[in-house]
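Please look over the sequence and the structure shown here before reading on. The report that follows goes from the overall fold to the interior and then to the surface.

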Amino acid sequence: MTELLYPPEERSVHDRIERWLTLAAEALAWAGGLILLALIGMSLVSIIARKLGFHPVNGDVELMQMGCAVASAAFLPLCTLRGDHLRVEFFTEGCRPVLRQRMDAVTDILLAAVFTLLAWRTGLQMLDSRDSGEIAALTALPLWIPVLLMIPSLALTVLCGLYRAVRAFFLCDDLCNEEAS
């Protein structure tokens, strides 16, 4: 467990598409981090206000739930692009690097399919929530707004998964060249 999570050769950008995907994914990850920092600040203000006998932030739990959903979705594209999702390599540990890369590409396609479904259904939920006029009980914030804010992250996760799969299948990366040598 002493290996680097991102060796320098894996962090390098390979082409223009990856550069743009990386910029977009990092921007969303930074936004997600800022959302979490804002939620921590709001939570601290609310807790301290309660302890000092003042009114806490109105709807702090609602805001925390909505903000955490948006922030956690914002981290998914970068995690997908870098291949950092949790995986069990017990069965593939002894496989050749090319075979392992192909199997990872299949899982990236499956991940993209699942996130396509999630983005589609989240979009339908957003439209339904907007049409019905649902609002949060304490803050009166329309519920379709945080749902809408998750859709770009889900869509970018789809693109990142497809990019990784296409790159592994068709561009064959450096692993194919190593085996050919």
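## What touches Leu 81

In this report, a contact means that heavy atoms lie within 4.5 Å. The model is a predicted one, and in it Leu 81 touches Glu 18, Leu 21, Thr 22, Cys 160, Tyr 163 and Arg 164, when residues up to four places away in sequence are not counted.

## The overall fold

The protein chain has 6 helices and 0 strands, so that reading along the sequence gives the pattern α-α-α-α-α-α. If one takes the contacts between residues at least 6 apart in sequence, 78% of them join residues that are at least 24 apart.

The chain has 181 residues, of which 31% count as buried. The area that the protein chain exposes is about 11,900 Å², and carbon and sulfur atoms supply 68% of that area.

## The nonpolar cores

Which residues make up the largest nonpolar core? This core has 8 residues, namely Leu 21, Ala 25, Ala 29, Leu 78, Leu 81, Leu 156, Cys 160 and Tyr 163. Helices α2, α3 (residues 60–81) and α5 (residues 144–171) are the elements that each give two or more residues to this core. Apart from this core lies another one, of 6 residues, which include Leu 111, Ala 112, Phe 115 and Val 158.

## A nonpolar patch on the surface

Nonpolar residues are also found on the surface, where Leu 34, Leu 37, Ile 40, Leu 44, Ile 48, Leu 52 and Phe 54 form a patch with about 760 Å² of accessible area together. One of these residues, Ile 40, has its place in helix α2, which covers residues 16–51. Because its relative accessibility is 47%, Ile 40 counts as partly exposed, given that this class lies between the 20% limit for buried and the 50% limit for exposed.

## Phe 169 and its surroundings

A search of the whole structure finds 1 aromatic pair. The pair consists of Phe 169 and Phe 170, whose ring centres are 6.5 Å apart and whose planes stand at 55°, so the pair is described as tilted. Is each of these two residues buried, partly exposed or exposed? Phe 169 counts as partly exposed because its relative accessibility is 30%, whereas Phe 170 is exposed, with a relative accessible area of 67%.

Phe 169 can also be compared in position with Met 103, which lies in helix α4 (residues 97–132) and counts as partly exposed at 36% relative accessibility. Although Met 103 and Phe 169 are 66 residues apart along the chain, their C-alpha atoms are separated by 9.7 Å.

Note on methods: Residues are numbered from 1 along each chain as its sequence is written. This is a predicted model: local features need pLDDT of at least 70, side-chain atom pairs count only at pLDDT 80 or more; totals for chains, interfaces and linings use all residues. Side-chain values use heavy atoms; hydrogens and water are left out. Helices (H or I, at least four residues) and strands (E, at least two) are DSSP runs, numbered from the N terminus. Buried means under 20% relative accessible area, exposed over 50%, partly exposed in between (1.4 Å probe, protein chains only). Accessible areas come from the Shrake-Rupley method with a 1.4 Å probe; for residues, only the protein chains shown count as cover. Patches are made of residues with over 30% relative accessible area and no salt bridge: like charges are joined within 9 Å, nonpolar side chains (Val, Leu, Ile, Met, Phe, Trp, Tyr) within 5 Å. A salt bridge is a side-chain nitrogen of Lys or Arg within 4 Å of a carboxyl oxygen of Asp or Glu. A nonpolar core is a set of buried Ala, Val, Leu, Ile, Met, Phe, Trp, Tyr and Cys residues joined through side-chain atoms within 4.5 Å. Rings of Phe, Tyr and Trp (its six-membered ring) pair if their centres lie within 6.5 Å; planes under 30 degrees apart count as stacked, over 60 as edge-to-face and the rest as tilted.
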